[in-house]
Amino acid sequence: MGEHFYEILLALGVLSPMVSFWILVFAGPKLGKPTAGWTAVVLGMGVPLALATWVLISWWWGEDSVSRAALTENAFRFHWADIGSVPITLGVKLDSLTVAMYFMVTFVAFWIFVFSIGYMSGHSDEVDGQSKYSRFFAYLSLFAFSMLGLVISSNLLFLFIFWELVGLCSYLLIGFYFDKAYASAAAIKAFVTNRVGDFGFLIGLMLVFYQLGTLDLDQAAAVFAEQAATGSGIFSSDFSLFGWSLATVMGVGLFCGAMGKSAQFPLHVWLPDAMAGPTPVSALIHAATMVAAGVYLVARVFRLMTPDALMFIALIGCLTLTLMALVAIVQVDIKKCLAYSTLSQLGYMIFGLGCGAWIAALFHLMTHAFFKAMLFLCSGQVIEGCHHEQDMRKMGGLRKKMPVTCWTFFVGVLAISGAGIAGTTIGLGGFFSKDEILAVAYVRAFEWDDAGKHEVHDGDAAHALGSTHPVTGVRLVSDPVQNAHGGFARAEARGAANAHGEDTQHVGHDDSARASIFGTIPALPKWMFYLALFTAYVTPFYMMRCWWMTFMGKPRDENVYRHAHESKLMYVPLAVLAVGTLLASYFLFRPLIADAATAATAAPLVLALDGHEHTAAIGAAHRFLTFGVGGAFIIAFLAAIAIYRRGLETPERIRRALAPLHLVLVHKYFFDEVYDVIWVKGCLLLAKVARFIDTWIVDSIFDMLAAATERIAAFSGLILDKHGVDGVVNGVARSSTDFAGFIRRWQTGRIRHYVIFATGVATVVFLWIWLAGASNADAAVVSAGM
Amino acid sequence: MATISLNHYLIVGAVLFCTGLFTMMTKRNAIGILIGVELVLNSVNVNLIAFDRYLGPNRMDGQLMALFVIVLAAAEAALAVGICINLYKNVATVDVDRATSLRG
């Protein structure tokens with residue numbers, strides 16, 4: 001294998017959808033239906049998927065951890081340009097996380113592309129009376145290009161460019177049916193809300209650029225670590241905002257971008273509305289991949305975080321996951337219900353990152369991408385089968401009409417609910433990932449002081465267990481002292497140490513530094529953990545409610561039920577994603593992410609915790625937690641079934657009993673209303689004020705100026721110019737003409753006239769001289785006489 | 001017998017001058033005009049010689065000027081006759097009133 005083998009494959013996989021995009025843009029309408037769609041499937045996602053599979057296999061099974069670390073350190077970097085003294089490098093961020101994300105995106109997207117062909121053949125592809133079939137797939141290809149580019153970006157600048165590109169694709173696809181007012185409004189809402197987040201992201205980027213002097217992810221982390229160790233650069237500023245240091249502001253700023261893209265509270269409002277787009281788009285962009293980009297970003301800049309920034313991240317994640325899960329309970333639109341579930345799960349990921357559960361959060365991202373994509377595709381199947389009916393109150397009993405969809409959906413429900421047998425490794429994706437996030441949160445909330453103490457005093461235990469926490473079994477991912485040195489020397493040292501099979505020298509170093517980091521990281525407030533735990537019970541409830549209302553019970557609307565059917569073309573993607581949900585995530589993605597964690601979480605100020613080490617050292621409390629969460633899905637399922645078993649009468653009674661609460665939830669805590677009053681109305685009011693100023697003050701000034709100018713112009717034009725300047729010029733001309741005419745009369749051309757004239761003049765001159773001479777002579781006589 | 005004084009010469013010159021001037025004013029024939037011009041020039045010559053003889057007898061200024069005038073008159077006559085011949089060739093007349101092609 002040649003040098004930069006992986007980078008070339010990954011870059012080719014990014015460029016292939018771009019080729020597909022240009023083909024579809026220029027030749028799409030000629031290719032027609034469904035050739036254009038298959039072009040996108042093959043070029044837009046088939047090629048990247050093949051490359052991703054190749055990369056995944058050679059990366060994971062062809063390399064060992066030492067060679068992987070070396071490849072990460074020596075990944076391709078091209079010095080592209082300089083901005084001032086800051087070099088801008090173009091390159092591929094190559095580590096196990098990139099490979100895993102890349103594979104996940106291509107795999108999920110490929111099957112959604114396939115599904116899209118079936119979906120678009122059943123749906124109208126006409127916008128404004130023209131077929132936009134090829135345009136839809138062109139947008140999807142452009143999205144694939146942007147998303148894959150985002151995943152492999154090694155530089156925050158390029159990451160930001162691709163970040164904006166996926167935002168653009170999201171906008172274009174939400175507003176695909178742009179002749180429908182609600183769709184274009186939703187598209188604008190998504191775009192504007194994302195701009196708010198991106199504003200923070202830009203501030204963060206500028207701080208990185210200005211304070212760290214590099215935009216390369218690895219170099220920025222190295223510089224950050226060095227500055228943290230020496231107290232220089234960003235740490236030498238005494239700037240403070242809400243009690244945050246400049247470094248915290250940088251971290252929070254970068255997180256703001258993630259808040260917009262991953263739809264975190266309070267910028268979550270766009271995601272439910274984004275369901276106005278076609279269902280495959282909801283599945284691909286607004287559930288599986290793009291919304292996870294925010295989580296991916298936070299994971300990538302984890303090394304630039306401070307404890308305060310992470311606490312803010314955890315707070316936002318915690319609020320999002322709880323509040324949105326509650327809203328999901330009262331949704332009656334099947335896609336909206338899934339959208340709020342997505343918000344809640346994204347909240348889990350962000351909360352996990354805020355707690356330091358780096359691996360768990362990304363693991364949850366992967367598992368969630370699979371099962372949420374599948375759930376959305378199922379909902380697309382349902383909506384398609386029910387002739388665009390999205391109201392679950394009109395469904396019911398659909399299991400007989402669409403059995404495959406019904407049971408794939410059920411697999412998704414089990415996965416998102418974290419179904420599994422507690423205490424074993426038998427379970428679906430969400431069982432591991434959500435449980436892991438909660439475990440880390442538990443350690444951060446309840447055992448944090450102990451964890452710090454043990455790390456300080458119990459050096460032998462740390463040696464004995466590697467770097468596994470002696471009480472909770474939570475393994476510490478990061479090696480702070482090594483990281484403080486930062487940069488490229490680290491992996492070589494690590495690689496050499498691993499090669500000798502011993503890491504003792506570094507472990508001995510670690511204890512004191514790790515202890516000092518422990519001291520600076522505050523424990524997580526307990527209520528955050530309780531909220532996350534509570535939501536673990538809410539999630540299975542609303543998912544089971546959604547499934548039961550749609551597929552179980554008796555049909556509630558004859559018309560919908562009679563027409564319900566399944567589309568054969570959409571089976572395959574559903575089945576494949578179901579298998580992926582069942583199998584692939586735990587055995588493939590979890591180890592991949594864990595492999596990337598060591599280098600990617602080597603932060604100088606914060607610690608990432610690996611909540612996966614279920615060793616004998618797990619305390620009784622941790623065991624209780626495992627069983628508590630493990631049983632959650634059964635309890636919640638039973639509750640949901642009990643309530644919705646007999647149709648809608650029982651829920652209706654409960655609704656009436658809890659009317660005020662229901663009202664708040666149905667109106668999504670009145671966020672849209674409040675935003676409407678504050679931002680939209682405020683904006684309109686501001687516009688009105690501006691318009692008033694414009695109309696009455698600015699305009700009148702300009703009107704006055706215009707009138708004055710007009711007067712001056714009239715005066716200057718009519719009076720000065722016409723009568724003055726023109727008059728002078730014309731007068732000169734006329735008098736010259738007149739004078740010339742007068743002179744002309746004397747120029748007869750007759751010689752005798754000239755002779756007479758000359759004689760006459762000579763006579764006059766002679767007479768004048770003569771007479772004047774006479775008077776002068778008299779005067780001379782007079783003066784002489786005196 | 002009275003002697004011939006300067007005034008006598010000047011009177012002859014004036015008569016010649018007036019005759020020439022009158023000829024120039026009244027003749028329409030180009031040759032006639034030319035003759036008038038010659039009369040005027042020769043009246044000047046008479047005056048020059050007379051002034052030279054009576055006012056500066058030892059100086060040759062007047063005679064010199066007269067010689068110049070004669071030469072000038074010869075040149076002028078040659079030129080003028082040439083013009084007259086060409087005029088005749090073009091318009092078949094030497095009547096200056098009919099030579100109007102240069103009039104604006």
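Is A:Phe766 buried or exposed? Keep that in mind as you explore this predicted model; we will settle it at the stop on aromatic rings.

**Stop 1: the whole of chain A**

Start by colouring chain A by secondary structure. You should find 31 helices and six strands. Of the 786 residues in chain A, 54% are buried. Now think about contacts in chain A with a separation of 6 or more: 81% of them join residues that are 24 or more positions apart.

**Stop 2: a threonine in a loop**

Next, select A:Thr214. Look for it in the loop between helix H7 (181-212) and helix H8 (217-230) of chain A. A:Thr214 is buried, because its relative accessible area is 3% and buried means under 20%. Its side chain reaches the backbone nitrogen of A:Asp216 at 3.2 Å, and it also makes a polar contact with the side chain of A:Gln219 (3.2 Å). Show the neighbours too: leaving aside residues up to four places away in sequence, A:Thr214 touches A:Val86, A:Val208, A:Phe209, A:Gln219, A:Ala220 and A:Val223.

**Stop 3: salt bridges**

Stay in that loop and select A:Asp216 together with A:Arg77. Their side chains meet in a salt bridge (3.0 Å, N to O). A:Asp216 is in the loop between H7 and H8, while A:Arg77 is in strand S1 (residues 77-83), so this pair ties together parts of chain A that are 139 residues apart in sequence. A:Asp216 counts as buried at 2% relative accessibility, whereas A:Arg77 is partly exposed at 28%.

Now add A:Asp218 and A:Lys93, whose side chains form a salt bridge at 2.6 Å, N to O. Here A:Asp218 belongs to helix H8 and A:Lys93 to the loop between strand S2 (86-91) and helix H4 (96-122), so parts of chain A that are 125 residues apart in sequence are tied together. A:Asp218 is buried at 17% relative accessibility, and A:Lys93 is buried at 4%.

Add A:Arg303 to your selection: A:Arg77, A:Lys93, A:Asp216, A:Asp218 and A:Arg303 are linked in a network of salt bridges.

**Stop 4: aromatic rings**

How many aromatic pairs are there over all chains? The count comes to 29. For one of them, select A:Phe255 and A:Phe312: the ring centres are 5.9 Å apart and the planes are at 90 degrees, so the pair is edge-to-face. A:Phe255 is in helix H9 (residues 246-261) and A:Phe312 in helix H13 (residues 307-330), so the pair ties together parts of chain A that are 57 residues apart in sequence. A:Phe255 is buried at 0% relative accessibility, and A:Phe312 is buried at 18%.

Then select A:Phe766 and A:Trp770. Their ring centres are 6.3 Å apart with planes at 20 degrees, so this pair is stacked. Both residues lie in helix H31 (residues 751-785) of chain A, four residues apart, about one turn of the helix. Here is the reply to our opening question: A:Phe766 counts as exposed, at 55% relative accessibility. A:Trp770 is exposed too, at 57%.

Before moving on, highlight the aromatic cluster formed by A:Trp407, A:Phe409, A:Phe410, A:Trp547, A:Trp548 and A:Phe551.

**Stop 5: where the chains meet**

Finally, bring chain B into view. Nine residues of chain B are in contact with seven residues of chain A. The area buried between the two chains is about 830 Å², with carbon and sulfur atoms giving 57%. The side of chain B that touches chain A has three nonpolar, two polar and four charged residues. Across this interface there are zero salt bridges.

Notes: Residues numbered from 1 in each chain as written. Chains lettered and ligands numbered in written order. Predicted model: local features only at pLDDT ≥ 70, side-chain atom pairs only at ≥ 80, totals over all residues. Heavy atoms only, no water. Contact = heavy atoms within 4.5 Å. Buried area = accessible area lost by both parts, 1.4 Å probe. Salt bridge = Lys/Arg side-chain N within 4 Å of Asp/Glu carboxyl O. Nonpolar A, V, L, I, M, F, W, Y, C, P; charged D, E, K, R; others polar. Helix = DSSP H or I, 4+ residues; strand = E, 2+ residues; numbered from the N terminus. Buried < 20%, exposed > 50% of the residue type's maximum accessible area, 1.4 Å probe, protein only. Polar contact = N/O pair within 3.5 Å; in protein donor to acceptor, adjacent residues only side chain to side chain. Phe/Tyr/Trp six-rings, centres within 6.5 Å; stacked < 30°, edge-to-face > 60°.
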